[in-house]
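Thanks for taking a look at this one with me. Below are some numbered points to read alongside the structure, beginning with a single residue and widening from there.

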Amino acid sequence: MELNIKASFAFLLLFLARLSDAQTPAAQPAVFDITKYGASSNGDISKALLDAFKEACASTSPSTIVIPKGTFEMAQVKLQGPCKAPLELQVQATLKANADPKQLSADIEWLTVNYIDRFTLSGGGIFDGQGKAAWSQNNCKDSKSCGNLPNNLSFNFLTNSTIQDITSQDSKLFHVNVNGCKNLTFIRVNITAPPESINTDGIHVARSSNVNITDCVIGTGDDCISIGDELEQLHITRVTCGPGHGISVGSLGKTPGEKPVVGVYVKNCTFINTDNGVRVKTWPASHQGVVTDLHYEDIIVQNVTNPIVIDQVYCPYNQCNKDLPSQVKISKVSIKNVEGTSRTQDAVLLLCSKGVPCEGVEIGDIDIAYNGKEGPAKSRCENVKPTFVGKQNPPVCAGAQSA
């Protein structure tokens with residue numbers, strides 16, 4: 001009897017302890033408001049942000065840095081981990097870069113975030129790069145080396161991280177540069193700049209794996225999304241692009257030692273008044289490279305100059321030798337269910353390398369109309385023998401093999 005009473009009493013204590021734990025609210029993330037570190041709308045907030053980051057990064061529990069609503073000036077800032085726990089930078093404000101490019105260092109981005117696991121950038125805020133004065137200095141037409149300006153946002157060696165609900169506006173160069181990241185997601189990111197904003201790629205991704213770009217609206221003066229080498233498993237879904245140069249793999253092959261691009265999936269995307277839709281571009285007279293496992297599906301094009309492009313003689317401003325073929329091998333490409341309108345007759349261009357012809361290209365259910373006076377939409381193919389299924393408007397590569 002005594003043993004039963006003791007057992008019952010022990011069980012009751014255990015039950016009450018568990019009940020107490022269940023009713024105790026989870027610990028809330030520590031909040032580091034930069035206004036508590038001296039930030040105000042009267043000056044540069046970069047020191048306050050760095051001070052807040054130093055404490056938040058050292059915290060052993062999750063932390064949130066808050067830049068509250070308002071308009072603030074911010075100089076170039078680098079936030080570098082590793083940090084001891086998950087960290088969120090919540091930008092509710094409009095942040096403004098210095099409009100004068102001469103006041104900024106060209107080898108430092110405006111905001112850089114490096115070496116953090118479980119980082120989140122959020123808050124609905126705006127990063128205004130004030131790039132108008134810089135675009136005229138980005139003279140790529142007359143110089144083989146151009147782009148000596150800072151990007152708006154640079155994410156390097158982040159893991160298991162999310163960029164969401166922010167806007168990048170009028171960057172001086174790229175809006176977002178991604179390098180060396182793994183398991184990184186962009187969701188509901190808005191990128192905006194006028195068509196004349198030269199070399200302002202929306203999101204550039206390279207040397208990374210498992211990157212997702214979802215439900216974003218990107219309009220800028222260059223590629224909406226550009227893809228560099230050493231990239232594995234990039235998923236682009238429900239992205240609206242325009243103005244801009246489309247979603248582009250490359251350009252590739254210009255520098256030696258580039259590593260393969262493997263696994264790019266573009267689905268349910270819309271291109272409006274862009275120069276290109278889906279595009280792969282490699283330099284002629286190039287170094288060796290590999291691009292494989294590219295898949296485009298359920299694409300809408302509205303008044304796009306070249307809706308579907310593989311261009312292995314990409315040579316802007318004639319700064320290359322077109323007489324020698326590209327050595328970048330393109331294979332395992334599927335393009336399915338693309339519909340809409342082209343503003344030129346060249347609706348489909350598959351211009352592959354005579355040195356390493358494209359292999360494993362499949363085209364299916366293409367319905368692209370050209371409503372100009374010159375005639376119907378056309379396709380042009382070189383050094384490729386695709387298979388095709390379903391509707392072909394325009395007819396793709398006459399004489400190609402039908403699946």
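1. Let us start at His245, which counts as partly exposed at 22% relative accessibility. For reference, buried means under 20% relative accessible area, exposed over 50%, and partly exposed in between, using a 1.4 Å probe and protein chains only. His245 sits in the loop between S21 and S22. An unreviewed UniProt entry annotates His245 as "active site"; UniProt positions are given in the numbering used here, feature names are shortened, and annotations may be inferred rather than shown by experiment.

2. A word on what you are viewing: this is a predicted model, in which local features need pLDDT of at least 70 and side-chain atom pairs count only at pLDDT 80 or more, while totals for chains, interfaces and linings use all residues. Residues are numbered from 1 along each chain as its sequence is written, and side-chain values use heavy atoms, with hydrogens and water left out.

3. What does His245 touch, not counting residues up to four places away in sequence? The list is Gly221, Asp222, Asp223, Cys224, Asp275, Asn276 and Arg279, where contact means heavy atoms within 4.5 Å. The loop of His245 also holds Pro243, placed between strand S21 (240–241) and strand S22 (247–252). The peptide bond from Gly242 to Pro243 is cis, with omega near 0°.

4. A cis bond also joins Gly81 and Pro82, with omega about 10°. Pro82 belongs to the loop between S4 and strand S5 (87–91). As background, most residues other than glycine have a negative phi, and most peptide bonds are trans.

5. Now the overall picture. The protein has three helices and 32 strands; these are DSSP runs numbered from the N terminus, helices being H or I of at least four residues and strands E of at least two. Of its 403 residues, 48% count as buried. Among contacts between residues at least 6 apart in sequence, 75% join residues at least 24 apart.

6. Please trace the open sheet next. Eleven strands form it in the order S4-S7-S10-S13-S16-S19-S22-S24-S26-S28-S30, with parallel pairing; two strands pair if DSSP finds at least two bridges between them. Why is one side of S4 and of S30 left without a neighbour in the sheet? Strand S4 (77–80) and strand S30 (378–382) stand at the edges and each has a single partner strand, so one side of each stays unpaired. Neighbouring strands of this sheet are turned by 15° against each other on average, direction ignored; axes are lines fitted to C-alpha atoms, for helices over the stretch in contact, and angles run from 0 to 180 degrees between N-to-C directions.

7. For one pairing in detail, look at strand S10 (residues 153–156) and strand S13 (residues 176–179), which run parallel and are joined by four bridges. Leu153 stands opposite Val176 in S13.

8. Val176 appears again beside Phe186, whose contacts, not counting residues up to four places away in sequence, are Phe155, Ile163, Val176, Val178, Ile203, Val211, Asn212, Ile213, Thr214 and Cys216. Which members of the largest nonpolar core touch the most other members? They are Phe155, Phe186 and Ile213, out of 94 residues. A nonpolar core here is a set of buried Ala, Val, Leu, Ile, Met, Phe, Trp, Tyr and Cys residues joined through side-chain atoms within 4.5 Å.

9. The whole structure contains four aromatic pairs. One of them is Trp283 with Tyr314, edge-to-face at 5.4 Å centre to centre and 80° between the planes. Rings of Phe, Tyr and Trp (its six-membered ring) pair if their centres lie within 6.5 Å; planes under 30 degrees apart count as stacked, over 60 as edge-to-face and the rest as tilted. Trp283 lies in the loop between strand S24 (276–282) and strand S25 (289–304), and Tyr314 in the loop between strand S26 (306–311) and strand S27 (328–342), so the pair ties together parts 31 residues apart in sequence. Trp283 is buried at 8% relative accessible area, and Tyr314 is buried at 17%.

10. Finally, two backbone angles to check. Asp298, in strand S25, has a positive phi of about 60° although it is not a glycine. Lys332, in strand S27, has a positive phi near 55°. Are these two residues buried, partly exposed or exposed? Asp298 is partly exposed at 22% relative accessible area, whereas Lys332 is exposed at 54%.
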